[in-house]
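Thanks for taking a look at this one with me. Here are a few points to go through while you have the model open.

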Amino acid sequence: MSEDTGEKVVELAKRRGYFFRSSSAYGGVGGFYTFGPQGAALKGNVEEAWRDRFAVGEGHMEIDAPTIMPEPVFEASGHLDTFDDMLVECPDCGESSRADHVVEDNTEYEDAESLPIPEVEEIVAEYELSCPECGAPLAGAAIEEFNLMFETQVGPGDGQPGYLRPETAQGIFVEFPRLKEYARGQLPFGVTQVGRAYRNEISPRRSIIRTREFTQAELELFVDPEGDGPDLSAVEDVPVRLYPASEQQADEGDEVETTVGEAVADGTIADPWVAYFLGVAREWYESVGVDMDRFRFRQHLAGERAHYAADCWDAEGEVGGNWIELAGFAHRGDYDLSKHQAHSDERFTVFRQYDEPKTVERAEVDPDMSYLGPEFGGDAGDVVSGLEELAERDRAAFEDETVTVEVDGESHEIPVEKTGFAVEERTESGEHVVPHVIEPSFGVDRLVYTILEHAYREDEVDSEERTYLEVDPEVAPTFVGVFPLQSDAELESEAEGIAASLRAEGLSVTYDDSGAIGRRYRRQDEVGTPFCVTVDYESREDGAVTLRERDSTDQVRLPIDDLPGTLSALREGDLEFGELSG
RNA sequence: GCGCCGGUGGUCUAGUGGUAGGACCUGAGCCUUCCAAGCUCAUGGCCCGGGUUCAAAUCCCGGCCGGCGCACCA
């Protein structure tokens, strides 16, 4: 579709109540959009379809966590560090650069990101670092901090700092200890969440494609690191268009048409779980109306991958001539749970029982604190951890009279008899393992946009231009329009009665008796209403009405009594309009 | 955050230093037995603040918002 389709869709969205800029009465604020009546309904239907497939359909559980979480959560998750970008603006050419990168590239400092800003400014001055773009000196230029998380205060005064979650996932990870109890400690289990996330983007763009508040639908699947494979037979024949990293880097690289099964067999997709979800996702995207000719899976390049992801594929849709990310499928390993395990006192592990209990020899220490305490004072705790670690790693170290432990670069000699060193046989019935996480993460707003742009059509009916949205009946925000053929009290009341009965059936109905019939059809075409029912003068006599389909503008005559059942079947996809006899 | 361009009814758009016109939409009515027909009438607008000027929607500055490019996108 041409590039200005995007503009037409945005204009239509604004006019017909799909989405528009928020707070525009006050000048608006960048990166925030309101979904109007049609948009909210479409989005709700998309979310419901997602739940059907990824939560209910996979037998997973859905939760609903708060959008604000306390600071320690994000210390653990790594967001507090990695979300803080230090930008320095060149006084000469105006180019913004990552100050920490400039420092790391030109000095012996390795982790400049973790240094406080004044210190980085000093380093920049001291080393006379210059702008990577134009070479002008950066000394004296202010370093600004960009925190992509929205910060807030919980409680009055200087209450504890909290942050709006930058992804829904953390709400799941944080609650893992309780969720695993709910799952009775059995892997694999999946937890989903559909909700808002917030990022204070430097530059929100392109209507609802990149906003500061957006909706994610995420699934965190917790699997045993050894085992728990997916049932690939369910998706092995699903055709997929892949754009692997190797092809992206090749000179003449191209997308590859294959199937999930083949891609796993030939190693294109390394992880079977990721492959499984690519297959499920491709079928799901098609079912909600994404054009499969403008859809692909792209593998992340090595440098593009998040710090936690071993392998990652994105689902991409083409809109306005560009590919945008619709979903990410990442094998996150044990990154998230390990982080929380380390930062929190709770257990972010599950207990995996061995088939047979194992008898193992274990070297352990039971230090004599009445000796270590007085001897090492405040360092005693570190010494004990040193001993524990050493016993596990190197039993030979305890063979002499004394053992040497390094603590903070200092060597300490300890008599072995005071360490309580012993090698014992123990029976272990299992072990605590940190589950691995497979994360399919969907952006809902972008999907809504993609559905609209992929559904946008222009054609001619009786040599009159027509604009319509070919949205799938399953997600269409308004399902059926009901009209009297003309303004006539009897027809109107008949039509209103039908509208009421269809609403009672649970269908989303709009009633319209303004102007001419053709205008009303076009109005519904433009918002994407798939069907219209028209009551005419014969309806009284034959108890039938006209059902008109949006895409073809074809009409069939149906008994009024059949309407609820027929329309419900059309909605669910159990019936095609073409199967109805004219 | 930087650079370029832009901001006129609900939508699209014309326009000039002397406070604005069109089209579509919408509403009321007439007409109309299935696809934006016609006729009459009506509602509704110069992004915000400051400056220059007798006078600013128009010129200048700043802000806000948008599009594109750069940077960013864990």
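Which element gives the largest share of the lining of the second largest pocket?

1. Helix H19 does: three residues of the lining come from H19, and that is the largest share. Please keep in mind as you read on that this is a predicted model. The second largest pocket itself has a volume of about 320 Å³. Its lining counts 19 residues, and those closest to the pocket's centre are Val471, Asp472, Pro473, Leu570 and Glu576.

2. Leu570 is worth a click, as this residue also appears among the buried residues of H19. The helix runs over residues 563-572 and is mostly covered, with eight of its ten residues buried. Besides Leu570, the buried set holds Leu563, Pro564, Thr566, Leu567, Ser568, Ala569 and Arg571.

3. What lies over those buried residues? The cover includes two helices, H2 (37-56) and H16 (489-504). It also includes strands S24 (480-484), S26 (531-535), S27 (544-549) and S28 (555-559). Just after H19 comes Gly573, which has a positive phi of about 80 degrees.

4. Now to another part of the chain: is Phe214, in strand S11 (residues 213-223), buried or exposed? Phe214 counts as buried because its relative accessibility is 14%, and the cut-off for buried is under 20%. Leaving aside residues up to four places away in sequence, Phe214 touches Pro166, Gly195, Arg196, Ala197, Tyr198, Arg199 and Asp445.

5. The contact with Asp445 has a companion in the backbone. The C-alpha atoms of Phe214 and Val444 are separated by 7.7 Å, although these residues are 230 apart along the chain. For the chain as a whole, take the contacts between residues at least 6 apart in sequence: 65% of them join residues at least 24 apart.

6. Some overall figures for your notes. Chain A has 19 helices and 28 strands, and its C-alpha trace spans about 110 × 70 × 60 Å along the principal axes. Of its 582 residues, 48% are buried. The accessible surface comes to about 28,300 Å², with 42% belonging to carbon and sulfur atoms.

7. Last, the charges. Chain A carries 48 positive and 131 negative side chains. The centres of these two sets lie 8 Å apart.

Key. Residues are numbered from 1 along each chain as its sequence is written. Chains are lettered from A and ligands numbered from 1 in the order in which they are written. Side-chain values use heavy atoms; hydrogens and water are left out. Buried means under 20% relative accessible area, exposed over 50%, partly exposed in between (1.4 Å probe, protein chains only). Helices (H or I, at least four residues) and strands (E, at least two) are DSSP runs, numbered from the N terminus. Contact means heavy atoms within 4.5 Å. Accessible areas come from the Shrake-Rupley method with a 1.4 Å probe; for residues, only the protein chains shown count as cover. Lys and Arg count as positive and Asp and Glu as negative; His and the chain ends are not counted. The place of a charge is taken as NZ of Lys, CZ of Arg, CG of Asp or CD of Glu. On a 1 Å grid over the protein atoms alone, a cavity is a set of points where a 1.4 Å probe fits but cannot get out, and a pocket is an open set with protein on both sides within 12 Å along at least five of seven lines; lining residues have an atom within 4 Å of a point. Grid points are joined across faces, edges and corners, and a volume is the space filled by probe spheres set on the points.
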